Amino acid sequence: TMGQGYSGAYRGTTGADNEPADPTSSIDENARRMSAQFPISRNGYFGIRDHKQIRVISCIDPIETSHVFFQRLTHGATHEIATNNRGMEYQRATFADGSIVTYRVVTSTPDSPAVQISVTRAGPIRNQKIHFTRKETLW
């Protein structure tokens, strides 16, 4: 419904009940399945590189898009809510192979959620940090 507030930091969060990771699920396979919506470079990166080695995905709704990205990329991983050293909550997903993806809605960049990918081995997907930024639209 329109105007519905967010409950906590992660509206619509599912799977945050520490179910064990599905051993058949992999970040590489999930990334391949979502590559039509979120293309991957031949070097294993999403989005475009900004001046600080951070990847950027520009979109109309950074919060919604980053949420969909995180949910699809981490399908089959164990999800948990964690807290960083500044007391900010974030979501962490751990795959059976030890690869970890974190998702922060609130970052130091206003209205720019971030997903960080740490893979245990170099495969189709590389370690990277992705910021989701609002695409400027012409009216």
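**A tour of the sheet and of Ile54 and Arg55**

Begin by selecting strand 4 together with strand 5 (residues 100-104): the two run antiparallel and are joined by four bridges. The model on display is a predicted one. Within this pair, display Arg92 and Thr102 of strand 5, which stand opposite each other. Then move to the connection: strands 4 and 5 form a hairpin with five residues between them, where Gly98 adopts a positive phi near 95 degrees.

Next, add strand 3 (residues 78-83) alongside strand 4 (residues 89-94); this pairing is also antiparallel and extends over six bridges. His79 is the residue to pick here, as it stands opposite Ala93 in strand 4. Strands 3 and 4 likewise make a hairpin with five residues between them, and in its turn Gly87 has a positive phi of about 80 degrees.

Now turn to the other partner of strand 5. Select strand 6 (residues 114-118), which is antiparallel to strand 5 and joined to it by five bridges. Val101 can be shown together with Ile117 in strand 6, the residue it stands opposite.

With these strands in view, display the whole sheet. It is open and consists of seven strands in the order 1-2-7-6-5-4-3, with mixed pairing. Strand 1 (48-49) and strand 3 occupy the edges and have a single partner strand each, so one side of each lacks a neighbour in the sheet.

Proceed to the loop between strand 1 and strand 2, and select Ile54. Its relative accessible area is 16%, so this residue is buried. Display Lys129 as well: although 75 residues separate Ile54 and Lys129 along the chain, their C-alpha atoms are 5.5 Å apart. Beyond its neighbours within four places in sequence, Ile54 contacts Ile48, Arg49, Lys129 and His131.

The last stop is Arg55, in strand 2 (residues 55-59). Which side chain of opposite charge is nearest to Arg55? It is Asp50, at 8.1 Å; Arg55 is buried and has no salt bridge. To see what the Arg55 side chain does reach, show the backbone oxygen of Phe46, which lies at 2.9 Å. Finally, colour the surroundings of Arg55. Leaving aside neighbours within four places in sequence, one group of its contacts includes Tyr45, Phe46, Gly47, Ile48 and Arg49. Gln128, Lys129, Ile130 and His131 are also in contact with Arg55.

Methods: Residues numbered from 1 in each chain as written. Predicted model: local features only at pLDDT ≥ 70, side-chain atom pairs only at ≥ 80, totals over all residues. Heavy atoms only, no water. Pairing = 2+ DSSP bridges. Buried < 20%, exposed > 50% of the residue type's maximum accessible area, 1.4 Å probe, protein only. Lys, Arg positive; Asp, Glu negative; His and termini not counted. Salt bridge = Lys/Arg side-chain N within 4 Å of Asp/Glu carboxyl O. Polar contact = N/O pair within 3.5 Å; in protein donor to acceptor, adjacent residues only side chain to side chain. Contact = heavy atoms within 4.5 Å.
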